[in-house]
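Me: I would like to go through this structure with you, starting with the ligand and then turning to the cysteines. Could you take my questions one at a time?

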Amino acid sequence: MANGFTSILTKGDELLVSAMEHHSNIVPWQMLCERTGAILKVIPMNHEGELLIEEYTKLLSGNTKLVVCNHVSNALGTINPIESIISLAHEVGAAVLIDGAQAAPHIKIDVQKLNVDFYTVSAHKICGPTGVGMLFGKEEWLTKLPPYQGGGEMIAEVTFEKTTYAELPHKFEAGTPNICGGIAFGAALDYMNSVGFEAIAGYEKELLEYATKKLLAIEGLRIYGTSEHKTPVISFNIEGIHPYDIGTILDKLGIAVRTGHHCAQPVMDYFKIPGTVRASFSFYNTREEVDILVEGVKKAKQMLS
Amino acid sequence: MKIEEIQDEIVEEFSMFDDWMQRYEYMIELGKSLPLIEEQYKTEDNIIKGCQSKVWVHAELKGDKLIFTADSDAIITKGIIAILIRAFSNQKPMDIIEANTDFIDKIGLKEHLSPTRANGLVSMIKQLKLYAVAYQTQLN
Ligand SMILES: Cc1ncc(COP(=O)(O)O)c(C=O)c1O
């Protein structure tokens, strides 16, 4: 996407990214700004881990060409109010790209209702294989964007004088595609749909509430990302204990969490911490597993303090 | 004591435990006995690169022996560097340079650390040896 926008942005154009992006939704845009002379601006957040919509509104102007933001933050679990983010951007004529990597496994997504210009999903976050994903784009935009890679399969006609490009979506699919990945991704989506997103969301909300309550009962434990609108992700630290230490003990107990900056260093900088321990639940987790996690965290705390 | 003897001693201590929880508890204990680096040496330059948590190491020559002090913001990392310092501190630089580090494998430390922490361990050993090389040239 960032490559595609190289020919669209010019010096002085502005691009807004949120303060809670994954590095993968920061770095390509910084590179784009370096190529084009466009300016990157950041939509700030508050201590609950929620974007400040008022500040966002102030940042929007006729110079804003693109707004990029995640639907759900992987570091905090916040579900961002993308409906407002999209409609406000459209008022100034800016396009919006939503990174749905963390939303797709938890929330039913209707790109038409959202009226979003671009929406991305990573297959490996939604029971699918690695190395493949999905980009939704409005036809008018995809038509406007030039091919970002040249190769076989993406052409209409090739001569040594001139090449014309294939129709959508082929003009973006140079070379032999990841066919196996595509088929497996399709199977994963069928499976997720057979479980049903309403059922998933309802169950996960309950699991999140249960786990939040039980973890907060541990003295000295602080949760980062305390918005009311969250997917079942709990990012936390225990006072005076390094997240890596807790992660190591939990690992020994057979409990899988992630520790560190979660590829969102600006979020860690905002909270002035080196990282967090992140427990990420899904529809296949149970209350018993939450109990095991809570006991594990207690054991780690006792060993490490 | 010679480096090799200290290493054997550490291997023996670790072999007394039956499970990895106990070994971690012991490592945490060892971390508490780490000879701490003076605050003034906790600089960016003294941070070991390649570790996920922060580890500072300082080396100083006393007579013909090298003395290491260190600290970390993570307790288990503190335990790891404490084990290394116990083996290598208060030794002649040349002995540190030539020392074998097989004892790490004998304790089974590497395979029980996450890959990033195991890399950190390698960086720590490398840094201690680099200090020894630097001070050895000074002695020559
Ligand atoms: C919110 C978010 N965006 C983007 C990514 C990156 O996805 P990918 O590695 O498929 O590019 C991730 C996860 O790695 C993520 O959590």
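Me: How do the residues of the shell around the ligand divide into nonpolar, polar and charged?
Reply: In this predicted model, the shell holds one nonpolar, six polar and two charged residues.

Me: Which residues are around the ligand?
Reply: They are His22(A), Ser24(A), Asn74(A), Asp99(A), Ala101(A), Gln102(A), Ser122(A), His124(A) and Lys125(A).

Me: How far is a polar side-chain atom of His22(A) from an oxygen atom of the ligand?
Reply: The separation is 3.2 Å. In the case of Ser122(A), a side-chain N or O atom lies 2.7 Å from a ligand oxygen. For Lys125(A), a ligand oxygen is 2.7 Å from an N or O atom of the side chain.

Me: What share of the ligand's exposed area does the protein bury?
Reply: The protein buries 71% of the 390 Å² that the ligand exposes when taken alone.

Me: And where does the ligand sit?
Reply: The ligand occupies the largest pocket.

Me: Changing topic, how many disulfides are there over all chains?
Reply: The count is zero. Cys127(A) takes part in no disulfide, and the nearest cysteine sulfur, which belongs to Cys180(A), is 19 Å away. Cys180(A) is likewise in no disulfide, with the sulfur of Cys127(A) as its nearest cysteine sulfur at 19 Å.

Me: What is the cut-off for a disulfide?
Reply: The two cysteine sulfur atoms must be within 2.5 Å.

Me: Why does Cys180(A) count as exposed?
Reply: Cys180(A) counts as exposed because its relative accessibility is 62%, and the cut-off for exposed is over 50%. Cys127(A), at 44% relative accessibility, counts as partly exposed.

Notes:
Residues are numbered from 1 along each chain as its sequence is written. Chains are lettered from A and ligands numbered from 1 in the order in which they are written. This is a predicted model: local features need pLDDT of at least 70, side-chain atom pairs count only at pLDDT 80 or more; totals for chains, interfaces and linings use all residues. Side-chain values use heavy atoms; hydrogens and water are left out. A residue is near a molecule or strand if one of its heavy atoms lies within 4 Å of it. A polar contact is a pair of N or O atoms within 3.5 Å; within protein, one must be able to donate a hydrogen and the other to accept it, and residues adjacent in sequence count only if both atoms are side-chain atoms. Accessible areas come from the Shrake-Rupley method with a 1.4 Å probe; for residues, only the protein chains shown count as cover. On a 1 Å grid over the protein atoms alone, a cavity is a set of points where a 1.4 Å probe fits but cannot get out, and a pocket is an open set with protein on both sides within 12 Å along at least five of seven lines; lining residues have an atom within 4 Å of a point. A molecule sits in a cavity or pocket if more than half of its atoms lie within 2 Å of its grid points. Ala, Val, Leu, Ile, Met, Phe, Trp, Tyr, Cys and Pro count as nonpolar, Asp, Glu, Lys and Arg as charged, and the others, Gly among them, as polar. Buried means under 20% relative accessible area, exposed over 50%, partly exposed in between (1.4 Å probe, protein chains only).
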